[in-house]
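Q: Please take the labels attached to this structure one at a time, and show for each how the computed value is set against the criterion behind it.

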Amino acid sequence: MAKKFKPSLLLSVLLCLGTLLNAQHKNQTGFDLAVGTQSFYAPFIKARPTGLQPVAIAGVNHPFNARNTFSVTLRIGYGRHSKQGDAIFTHLMFNYTPTLFRHLELGVGAGAGYQWAFYPGKALQWNGEEWVKGKSCKGVVQVPLRFSVGFKHITAAKGAFTPYLAYQVHGLFRYNPSLTPLPVSNFLLGVKYVSTQK
């Protein structure tokens, strides 16, 4: 008999990995905050984003090297959607962020995570005889892909800021047939912060 996927196990692994990386790179830990809009649509077919809704994402970034070109980011986000339902998600993303002309930071990232999608209306399920109250949310596997461009570094007294623009698309798997199968696209304006104190 096949074992059921447990989202709590994935979340525990993500948090443990984030804690481990934080211990290895304690003085290089960066933080990421972004807000923007989201839409259910496929970016590679003839379709335009419709029904834009707000989304907010926060994360912790840990570099693998001193130049911070390779890193891993643990993010948690919340997306509002009046028709498809709200969602809370978390994912771990591996990033490549080279710097051009000393200040232009380009970024590409990919990873995996989990999303809790809340139904916009009352959820019902058929028990074989009648409709009864169903679960209020559906857990889905999330595969994010991210592209960004930022301006690096705006220095402050104790750290440096990198404002950026990003496009992030989430492929969703194990989704409910009553909801759209299209991926979620995020259009984001964000800022990264890293401490410059030793």
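The questions and answers below concern a predicted model.

Q: What makes up the fold of the protein chain, and in which order do its elements run?
A: The protein chain holds one helix and 12 strands, and from the N terminus on the order is α-β-β-β-β-β-β-β-β-β-β-β-β. Of its 198 residues, 39% are buried, and among contacts between residues at least 6 apart in sequence, 59% join residues at least 24 apart.

Q: How do you know that strand 2 and strand 3 pair, and in which sense, parallel or antiparallel?
A: Two strands count as paired if at least two bridges are found between them. Strand 2 (residues 53–63) and strand 3 have nine bridges in the antiparallel sense, so the criterion of at least two is met. One of the opposed pairs is N61 with T73 in strand 3. The two strands form a hairpin with six residues between them, and in the turn N68 has a positive phi of about 65 degrees.

Q: What joins strand 3 to strand 4?
A: Strand 3 and strand 4 (residues 87–96) run antiparallel and are joined by 10 bridges, and because at least two are required, they too count as a pair. In this pairing Y78 has I88 of strand 4 as its bridge partner.

Q: Why is strand 3 described as mostly covered?
A: Strand 3 spans residues 70–79, and seven of its 10 residues are buried, where buried stands for a relative accessible area under 20%.

Q: Why is F70 called partly exposed?
A: F70, which belongs to strand 3, has a relative accessible area of 44%. Since buried requires under 20% and exposed requires over 50%, this value falls in between, and F70 is therefore partly exposed.

Q: What makes F70 eligible for the nonpolar patch on the surface?
A: Patch members need over 30% relative accessible area, and the 44% of F70 satisfies that condition. The patch consists of F64, F70, F94, Y96, V108, L145 and F147, with about 640 Å² of accessible area together. Strand 4 and strand 9 (137–151) are the elements that give two or more residues to it.

Q: Why is the contact between D32 and R75 called a salt bridge?
A: The closest N and O atoms of D32 and R75 are 3.0 Å apart, and because the cut-off is within 4 Å, the pair qualifies. D32 lies in strand 1 (residues 30–40) and R75 in strand 3, so the pair ties together parts that are 43 residues apart in sequence.

Q: How do you know that D32 and R75 are buried?
A: D32 has a relative accessible area of 6% and R75 has 4%. Because buried means under 20%, both residues receive that label.

Q: What makes R146 a partner of D32?
A: The closest N and O atoms of R146 and D32 are 3.9 Å apart, which is within 4 Å, so this pair also counts as a salt bridge. With R146 in strand 9 and D32 in strand 1, the pair ties together parts that are 114 residues apart in sequence. R146 is buried, at 6% relative accessibility.

Q: Why do K152 and E105 count as a salt bridge, and are they buried or exposed?
A: Their closest N and O atoms are 3.8 Å apart, so the criterion of within 4 Å is satisfied. K152 lies in the loop between strand 9 and strand 10 (154–155) and E105 in strand 6 (residues 104–118), so the pair ties together parts that are 47 residues apart in sequence. K152 counts as buried at 7% relative accessibility, and E105 counts as buried at 3%.

Q: Which residues are joined into one network by salt bridges that share partners?
A: The network joins D32, R75 and R146. The structure holds five salt bridges.

Q: Which residues form the largest nonpolar core, and what does A34 contact?
A: The largest nonpolar core has seven residues, namely A34, V55, I57, F89, Y164, A166 and L188. Strand 2 and strand 11 (159–173) each supply at least two residues of this core. Leaving aside neighbours within four places in sequence, A34 is in contact with V55, A56, I57, Y164, L188, L189 and G190.

Technical notes: Residues numbered from 1 in each chain as written. Predicted model: local features only at pLDDT ≥ 70, side-chain atom pairs only at ≥ 80, totals over all residues. Heavy atoms only, no water. Buried < 20%, exposed > 50% of the residue type's maximum accessible area, 1.4 Å probe, protein only. Helix = DSSP H or I, 4+ residues; strand = E, 2+ residues; numbered from the N terminus. Patch = residues over 30% accessible without salt bridge, like charges linked within 9 Å, V, L, I, M, F, W, Y side chains within 5 Å. Areas by Shrake-Rupley, 256 points an atom, 1.4 Å probe, with all protein chains shown as cover. Salt bridge = Lys/Arg side-chain N within 4 Å of Asp/Glu carboxyl O. Core = buried A, V, L, I, M, F, W, Y, C linked by side-chain atoms within 4.5 Å. Contact = heavy atoms within 4.5 Å.
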